[in-house]
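Visitor: I should like to learn how the features of a structural model are read. Might we work through some of them together?

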Amino acid sequence: MTFHAPILVIVVPLLSAFLTHLTKYTRLKRGAEIVALTSMIVSLFFLLSMSGPVFSGEVLNYDLGGWPPPAGISLTVDGLSFFFSLLAVGVGLLIIVYSLGIYVYARRYYSLLLIALSGILGIVLTRDIFNMYVFFEILAVASYILVTYKHKTRAIKASFKYLIMSESAWVLFLLAVAVLYGLTGSLNMDDIAAQTPIIYQTNPQVIYLVFALMMIAFGIKCGMFPLHTWIPEAHSQAPTPVSGLLSGLILKVGLYAMLRVFFLFFGAPLFLRGAGSIIVYLGLITLIVGACLALAQEELKKLLAFSSINQIGFILIAIGLGTRLGFEGGLFHIFNHALIKTGLFFCAGIIISQTGFWKIGQMKGVWRKMPGLTAAFCVLSLAVIGIPPFNGFFSKMFIVEAVLLEQNYFLLFFVFFGIIMTAAYFFRVIQTFFAQEDFKQKPDFVPQPVGPFEHLSTYVFAAFCLLVGLFPGMVLSLIHPAVKVLLP
Amino acid sequence: MINGVSIGIIVVLIGIYGILTKRNLIKMVMALYIMNSGVILLFISIGYVAGGEAAIFESGKKLMVDPLPQAVMLTSLVIGLGITALALALVIKIYDEYGTLNASRILEDK
């Protein structure tokens, strides 16, 4: 069974997505939910069954259908893909738990959610670059429909914008794949990676072209500065669990693809020639723009969306440096940001569903009505700022240290600026929550009842932030094999 | 030189031009599909061999067309079709609500 584990991790949620529709014909009362939860737990089980070899530094290869790599598709589980797939399965499980309370009997919703999650797992585990494109499209189509799930007009508009931007990204990615196939005659990432240094020596321009096309494609997916415009609309208009999915996982998938493809294909030669600093300085602009726009937002969910852009800036800076400490900080911050931002979107979703207000200024005195939730919000926002007992502190410390070792004080100044701005916009929200005024609801607004599942998943995220902050070694032992893949 | 690759690149560029300049939602979806078709043409042309036959292994065949791009682009065509259908469905919903297909006018309305 262990032998087939890599494909079972992807296939179990994918097949369960279609199984959820069949629960209509059974007597199970909440069949779709049971199928969704079970499939994610089974997927987690298969993933954990591979943890032993991965931690000992082994690379598990699996050829689909027994066809060897150049012709067939191969899946690889190494430190980096294990790290990201564990993150995807863990956060995905909690997103499903949150949805249990709001989407009752929603077979279509759970089906789409499972398709999106299996798409993420496929992107992370595959070693075939065209297969990666197919999984990206599976994820993208599921997420466009999920954004419009409530049929709100603004959500449909946001989804259309997301569709146009994201699809043009994938067409450019496919163009890059076509160029690489024309040069190397293979779609397997390892084959391509073996040939790129030779091509770089004879014809560097074509490598720059591939780099530029892929940079645009992954930049759109992860929200890099000039290409971030779909994020605030889609994140704020989507239903709450989908906002969590978009911010927690889909942005991270773009970063995964950037790490995997760039460092595998282009590696050291291109990064010494300034490609790394392109990522660093685009990350710097992303950081500044995200921070300034977050400070100017009126709506809580939009503030969180711009805060995501801001934090992506930190991660891009750390990744672009290309040093061991930079990768550790970047991957650690990816992990922390997935936990924190999903939790924050869940908090914001519950607060909005209780007050009926979208704007921050109207949410005065929320702590009187929902003390536990306000505490969770404070914990999560302190974590994202980087206050010591929480997890964000360690990842930001790593990033600052990595920048400091580069002796780039210009960059260091703006990293600190970003951290202070993060504090500024989150304290503004917390201040409003603790305002002296009485708690008010929107006139003639009937709040939906909030069940235990929503609270449970939000508190689990907050608890994880504290736990990882107290014992960062747990996550670092996951990150070390991942960094070993990038810097052997 | 006129061959599949160069025409494919021109078609992609037409698509990019369309997506950047057109304000009509249907035209944007069309531009997206044009871009996709351009890439498909380019990819298939990469594997094309002049005078080649279908890659079915029999004795006596010398020149064969590379089958991998064709197989791969079949997938891509299906994906493109699905995306276009979804995009047009969204356009119908937007038109029902706003009564216009002009992107600038739709964006004005908050």
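Guide: The following turns treat a strand pair, a helix, one residue and the contact between two chains.
This is a predicted model, in which local features need pLDDT of at least 70, side-chain atom pairs count only at pLDDT 80 or more, and totals for chains, interfaces and linings use all residues. Residues are numbered from 1 along each chain as its sequence is written, while chains are lettered from A and ligands numbered from 1 in the order in which they are written.

Visitor: Which sides of strand β2 of chain A are covered?

Guide: In a regular strand the side chains alternate between the two faces of the sheet. In β2(A), residues 74-77, both faces are covered: S74(A) and T76(A) are buried on one side, L75(A) and V77(A) on the other. Buried signifies 20 or more other C-beta atoms within 10 Å of the residue's own (exposed: 12 or fewer; partly exposed: in between), with C-beta atoms placed from the backbone. Strands (E, at least two residues) and helices (H or I, at least four) are DSSP runs numbered from the N terminus.

Visitor: In which sense do β1 and β2 of chain A pair?

Guide: Two strands pair if DSSP finds at least two bridges between them. Here β1(A), residues 60-63, and β2(A) pair in the antiparallel sense over 4 bridges, and N61(A) stands opposite T76(A).

Visitor: How many residues of helix α10 of chain A are buried?

Guide: The count is 8 of the 8 residues, 230-237, so α10(A) is largely enclosed by the rest of the structure. Among the buried residues are W230(A), I231(A) and H235(A). The cover includes α6, α7, α11 and α13 of chain A.

Visitor: Is L300(A), in helix α13 of chain A, buried or exposed?

Guide: L300(A) is buried, with 27 other C-beta atoms within 10 Å. Leaving aside residues up to four places away in sequence, L300(A) touches A348(A), I352(A), W358(A), I360(A) and V429(A). Contact requires C-beta atoms, placed from the backbone, within 7 Å.

Visitor: How many residues of chain A are in contact with chain B?

Guide: 20 residues of chain A are in contact with 24 residues of chain B. On the chain A side, α7(A) gives the most, with 15 residues.

Visitor: How do α6(A) and α3(B) cross?

Guide: Axes are lines fitted to C-alpha atoms, for helices over the stretch in contact, and angles run from 0 to 180 degrees between N-to-C directions. The axes of α6(A) and α3(B) come within 11 Å and cross at roughly 15°. The residues that meet include F130(A) and V134(A) in α6(A), and V72(B) and I79(B) in α3(B).

How values were computed:
Contact = placed C-beta atoms within 7 Å.
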